[in-house]
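User: I would be grateful for a close look at one part of this structure, set in the context of its surroundings. Please keep the account connected and formal.

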Amino acid sequence: MTRAERQAALEVIAGEVRVCTRCRLHATRTQSVPGEGDPSTEVVFIGEGPGFNEDRQGQPFVGRAGDLLVRLLGSIGWRREDVFITNVVKCRPPDNRDPEPDEIAACEPYLRRQLEVLDPAVIVTLGRHSMGRFMPGARISQAHGTMRPTDPATGAQNALVFAMYHPAAALRTPAIERDSYDDIAQVPTALIASRERRAARERTAVAVGAGVATAVAVAPEPPAEPESIQQPEPEAEPSPAAAQLVPSDQLTLF
Ligand code: URA
Ligand code: SF4
């Protein structure tokens with residue numbers, strides 16, 4: 001898909017979200033918050049749901065948690081415009097309560113379709129509710145700072161999901177804020193790992209398509225990966241350019 005096609009497809013989804021009445025959260029919202037960012041990005045950040053400021057402005061992460069998210073992104077040289085930012089539920093739960101399971105389920109098709117369009121290499125989950133969609137059964141105290149392959153049923157066909165604490169939790173607890181800076185420092189490495197995985201898949205598909213593996217009708221699954229991969233130490237500090245999240249000359253593909 002071209003950038004313009006992605007942009008148009010995301011705008012169709014956003015238009016549906018703005019008028020959606022699929023769950024009770026529509027009744028108390030000011031505006032729904034579809035999400036925003038670079039339609040060609042490789043990285044999608046997913047929070048829980050809009051808060052007070054997001055509900056007023058119609059944009060994700062524009063309050064204090066958003067300010068911290070921008071500082072976290074800045075610590076790795078990224079800007080919010082370089083990524084796509086959205087939430088598990090697109091309308092504000094009243095009094096900032098947790099979203100209910102039926103609300104998350106009602107809203108799920110929008111997030112899934114956004115991920116199908118964006119086809120990200122990396123999904124960063126912010127907080128428990130977002131992590132729960134991509135790492136079922138994981139505990140945030142153990143899963144933060146780790147990654148694993150996504151289930152294609154989430155809409156992200158070929159991505160790694162990386163878990164972080166919610167920035168609002170980091171605002172409340174200095175130790176969680178420190179962990180969040182440590183965790184986000186590993187996201188560029190996750191992006192490089194995911195690019196390598198995606199390139200390997202592509203090569204397999206091309207080889208099969210060219211009849212190199214004639215006995216195989218469909219592209220085989222890539223080699224099994226452990227349930228959860230602890231990040232390796234990067235060999236050198238990644239220094240991503242803003243426009244290109246990690247320069248591709250840092251790739252070691254062959
Ligand atoms: N918290 C979230 O989870 N999402 C937002 O958009 C803002 C705050
Ligand atoms: Fe629709 Fe999602 Fe808003 Fe519920 S939270 S009304 S499903 S957009």
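Which space is taken by ligand 2? Please describe that part in detail, and then proceed to the parts of the chain around it.

Analyst: The model is a predicted one, and every value below is computed from it. The space taken by ligand 2 is the largest cavity. With a threshold of 30 Å³ or more, the count comes to 1 cavity. About 110 Å³ of space lies in this largest cavity. Its lining is made up of 16 residues, and those closest to the centre are C20, C23, C91, C107 and Y110. Helix 4 gives the most to this lining, contributing 4 residues. By class, the lining of the largest cavity has 9 nonpolar, 3 polar and 4 charged residues.

The shell around ligand 2 can be described separately from the cavity lining. The residues that surround ligand 2 are C20, R22, C23, L25, H26, R29, K90, C91, A106, C107 and Y110. Sorted by class, this shell holds 7 nonpolar residues, 1 polar residue and 3 charged residues. The four cysteines C20, C23, C91 and C107 appear in the shell of ligand 2, and they are also among the residues closest to the centre of the largest cavity. Y110 likewise belongs both to the shell and to the residues closest to the cavity centre.

Helix 4 also takes part in charge pairing. Side chains of opposite charge can pair when their charged atoms come close. A search of the whole structure finds 15 salt bridges. In one of them, the side chains of R24 and D102 meet at 2.5 Å, N to O. This pair links distant parts of the chain, 78 residues apart: R24 lies in the loop between helix 1 (3–18) and strand 1 (36–37), whereas D102 lies in helix 4, residues 101–118. R24 counts as partly exposed because its relative accessibility is 45%. D102 is also partly exposed, with a relative accessible area of 41%.

A second salt bridge joins the side chains of E103 and R97, with an N to O distance of 2.8 Å. Here the two partners differ in exposure: E103 is buried, at 0% relative accessibility, whereas R97 is partly exposed, at 27%. A third salt bridge is formed by R112 and E116, whose closest N and O atoms are 3.7 Å apart. These two residues are 4 residues apart in helix 4, and therefore about one helical turn separates them. R112 is partly exposed, with a relative accessible area of 25%, and E116 is partly exposed at 41% relative accessibility. Salt bridges that share partners join R24, R97, D102 and E103 into one network.

The loops on either side of helix 4 each hold a residue with a noteworthy backbone angle. Most residues other than glycine have a negative phi. D95, although not a glycine, has a positive phi of about 55 degrees. D95 is found in the loop between strand 3 (84–87) and helix 4. With a relative accessible area of 71%, D95 is exposed. D119 is not a glycine either, yet its phi is positive at about 45 degrees. The place of D119 is in the loop between helix 4 and strand 4 (122–126). D119 is partly exposed, with a relative accessible area of 28%.

Apart from the cavity that holds ligand 2, there is the largest pocket to consider. About 580 Å³ of space lies in that pocket. Of the 29 residues that line it, E48, G49, N96, H166 and A168 are the closest to its centre. Helix 2 (52–57), helix 3 (64–74), helix 5 (128–134) and helix 7 (167–172) each supply at least two residues of this lining. The lining of the largest pocket divides into 12 nonpolar, 9 polar and 8 charged residues.

Helix 7 also includes A169. A169 is buried, with a relative accessible area of 14%. A169 and A65 are 104 residues apart in sequence, while their C-alpha atoms are 8.7 Å apart in space.

Methods: Residues numbered from 1 in each chain as written. Chains lettered and ligands numbered in written order. Predicted model: local features only at pLDDT ≥ 70, side-chain atom pairs only at ≥ 80, totals over all residues. Heavy atoms only, no water. 1 Å grid on protein atoms, 1.4 Å probe; cavity = no way out; pocket = protein on both sides within 12 Å on 5 of 7 lines; lining within 4 Å. Points joined across faces, edges and corners; volume = space filled by probe spheres on them. Nonpolar A, V, L, I, M, F, W, Y, C, P; charged D, E, K, R; others polar. Salt bridge = Lys/Arg side-chain N within 4 Å of Asp/Glu carboxyl O. Buried < 20%, exposed > 50% of the residue type's maximum accessible area, 1.4 Å probe, protein only. Near = heavy atom within 4 Å. Sits in = over half its atoms within 2 Å of the grid points.
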